[in-house]
Every structure is written in C-alpha cells, then in structure tokens.
Amino acid sequence: MDVKIEASWKKELISEFEKSSFIQLRDFLIKEKKDHTVYPAGNLIFEAFNRTPFNKVKVIIIGQDPYHGTGQAHGLCFSVPKGIKTPPSLRNILKEIQADIGAQEVTHGDLSNWAEQGVLLLNATLSVRAHEAASHQKRGWEEFTDATIKRISDKKKNCVFLLWGNFAQKKADLIDSSKHCILKSVHPSPLSAHRGFFGSKHFSKTNNYLIEKGLEPINWDIN
C-alpha cells in the first residue's frame, strides 16, 4: 500500500506498512471515516514524521492519542494549531519551560518549531474519533508506534526520550538506555503536574545532554 510519509521514515518503516496488522488498521480507518469524523485530517496523521525526518530526530516526546475536540489535533502530540485554545496539559508544559529556562510567555500552543528542530512529537495512537477519547486505541497504531520507538533506539544514538506519565514510561522497555537518555516524570496534566512535572527541569536537562554529546540544543521558545 502507498503511505504518504516522509521518505526517510518510509524507508525505515516499510516492513511495518506491509504487516497484516497495519493493513487491518488501514481498512478500519477507511470504514471509520465513512461513518464518523476522524481527527486529525488524513493528510496530518503522519505529520510528526513529516516534520521530523528520521535523520533529524534527537528528542522524542511520547503522548497517548490525539486531541478529540474540533480543530485541535494536527498530528503533533500535545500541540494545537495557532488560534486554538491551549489545552491544560500543554499550558503546564509551557509553564515548566518558563520556570526551567526562562522562555518567553506564549500566545499559542503550536509546537511545530520543536518538530522542525528534531523533536519527534509522537502519539502512541495517531487517530481518534471526534469527541471520543481513546476510540482508536488497540486498533494497530500502538504496534506501529512501538516499532518507531524501537527503530530510533536501535539505529540512532544520543537521543533524549521524554516519558511523562505512566503510559509513556512503559515505553522505556523499548529503549536502550546505554545509548540514549531517558527522562521520566508524572504527566503534565493538572491532576498530576504538581507531583513532579513542575520542577523536573526536563528541558534544560535535555539541552545539557545534547550539548554534552556535541549536538545542537533545542530552542524551546515557540514564539
């Protein structure tokens, strides 16, 4: 099947696209789109990959599934397009950046600038039915995105994996910690951020690690 995804990722993941589980996932999505509204738009499902080619990846942030509200999801975990109200977890992420590295106050929640610097903003599930959280989980996306994480771990070195919350932290088993930096904290959700996300300093720690390895740090200021 032909999947519209950035060329370096297509090369790395071609065997995943050929698996029966992915073909079943594709068939599910075709039917789902006939019967329901699905987010993000089809051309944005692989936006994280298209914005951050395989050879540019140096930081990976793992989310769970896309926002299910109108206009929110655009293919990058935690991010929303400019002009859309910033969701609570993202507000807390931006607060921590300000406290950690003194970034400017921001007026939007579009993290595309991070993606273009090598931050892979990867949801474990890449689509969702409108207004129904987690509705596309366990349909095959997790197998695909787990393979993505494993491929980065196996074929690259000196990447930083930011694992926020129990769901993301379970992905640590896919990552070779002798080659990469794994930073863990509670989720930035308002329910948990005060239990260790605030004050985690993951953004300065990420840059310190990248600099130590001779890599360009991330400019976390999204303005």
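**Exercise 1. Locate Phe-78, describe its backbone, and decide whether it is buried or exposed.**

Step 1. Phe-78 sits in the loop between S2 and H4. The model is a predicted one.

Step 2. The phi angle of Phe-78 is near 70 degrees, which is a positive value in a residue other than glycine.

Step 3. A residue counts as buried under 20% relative accessible area. Phe-78 has a relative accessible area of 10%, so Phe-78 is buried.

**Exercise 2. Do the same for Lys-138: where is it, what is its phi, and is it buried or exposed?**

Step 1. Lys-138 belongs to the loop between S4 and H6.

Step 2. Its phi is positive, about 60 degrees, although Lys-138 is not a glycine.

Step 3. The cut-off for exposed is over 50%. The relative accessibility of Lys-138 is 78%, so Lys-138 counts as exposed.

**Exercise 3. State the geometry of the peptide bond from Tyr-39 to Pro-40 and place Pro-40 in the fold.**

Step 1. The bond from Tyr-39 to Pro-40 is cis, and its omega is near -10 degrees.

Step 2. Pro-40 lies in the loop between S1 and helix H3 (47-51).

**Exercise 4. Check the length of helix H2 (residues 20-35), then work out how its buried residues are arranged and what covers them.**

Step 1. The expected span is 1.5 Å times one less than the number of residues. For the 16 residues of H2 this gives 22 Å, and the end C-alpha atoms are 23 Å apart, which agrees.

Step 2. The buried residues of H2 are Ser-21, Phe-22, Leu-25, Phe-28, Leu-29 and Glu-32.

Step 3. Viewed down the axis of H2, these buried residues fall within an arc of 115 degrees, so they line one face of the helix.

Step 4. Ser-20, Gln-24, Lys-31 and Lys-34 are exposed on the other side of H2.

Step 5. The cover over the buried residues of H2 includes helix H1 (7-17), strand S1 (38-39), strand S4 (128-129) and helix H6 (141-155).

**Exercise 5. Repeat the analysis of buried and exposed residues for H1.**

Step 1. Trp-9, Glu-12, Leu-13, Glu-16 and Phe-17 are buried in H1.

Step 2. Down the axis of H1, the buried residues fall within an arc of 150 degrees, so they too line one face of their helix.

Step 3. Ala-7 and Lys-11 are exposed on the other side of H1.

Step 4. The packing partners of the buried residues of H1 are H2, H3, S3 and H6.

**Exercise 6. Characterise Thr-206 and Phe-203 by element, burial and contacts, leaving aside neighbours within four places in sequence.**

Step 1. Thr-206 is part of helix H8 (residues 202-212), and Phe-203 is found in helix H8.

Step 2. Thr-206 has 0% relative accessibility, so Thr-206 counts as buried. Phe-203 is likewise at 0% and counts as buried.

Step 3. With those neighbours left aside, Thr-206 is in contact with Val-59, Val-160, Leu-162, Leu-183 and Trp-220.

Step 4. On the same terms, Phe-203 is in contact with Ile-93, Glu-96, Ile-97, Asp-100, Trp-114, Trp-164, Phe-197 and Trp-220. Trp-220 thus appears among the contacts of both residues.

Step 5. For Phe-203 and Ile-93, the separation is 110 residues in sequence and 9.8 Å in space, C-alpha to C-alpha.

**Exercise 7. How many cavities of 30 Å³ or more does the whole structure hold, and what lines the largest cavity?**

Step 1. The search finds 1 cavity of 30 Å³ or more. The largest cavity has a volume of about 40 Å³.

Step 2. Its lining consists of Leu-94, Ile-97, Gln-98, Ala-103, Gln-104, Val-106, Trp-220, Asp-221 and Ile-222.

Step 3. Sorted by class, that lining has 6 nonpolar, 2 polar and 1 charged residues.

Step 4. Trp-220, which is in this lining, is also a contact of Thr-206 and of Phe-203.

**Exercise 8. Describe the largest pocket by volume, lining and contributing elements.**

Step 1. The largest pocket holds about 520 Å³ of space.

Step 2. It is lined by 32 residues, and Gln-64, Asp-65, Pro-66, Tyr-67 and Asn-123 lie nearest its centre.

Step 3. At least two lining residues come from each of strand S2 (59-63), helix H4 (88-101), strand S3 (119-123) and helix H7 (166-169). S3 gives the most, with 3 residues.

Step 4. The classes in the pocket lining are 20 nonpolar, 11 polar and 1 charged residues.

Methods: Residues are numbered from 1 along each chain as its sequence is written. This is a predicted model: local features need pLDDT of at least 70, side-chain atom pairs count only at pLDDT 80 or more; totals for chains, interfaces and linings use all residues. Side-chain values use heavy atoms; hydrogens and water are left out. Buried means under 20% relative accessible area, exposed over 50%, partly exposed in between (1.4 Å probe, protein chains only). The arc is that of the directions from the helix axis to the C-beta atoms. Contact means heavy atoms within 4.5 Å. On a 1 Å grid over the protein atoms alone, a cavity is a set of points where a 1.4 Å probe fits but cannot get out, and a pocket is an open set with protein on both sides within 12 Å along at least five of seven lines; lining residues have an atom within 4 Å of a point. Grid points are joined across faces, edges and corners, and a volume is the space filled by probe spheres set on the points. Ala, Val, Leu, Ile, Met, Phe, Trp, Tyr, Cys and Pro count as nonpolar, Asp, Glu, Lys and Arg as charged, and the others, Gly among them, as polar.
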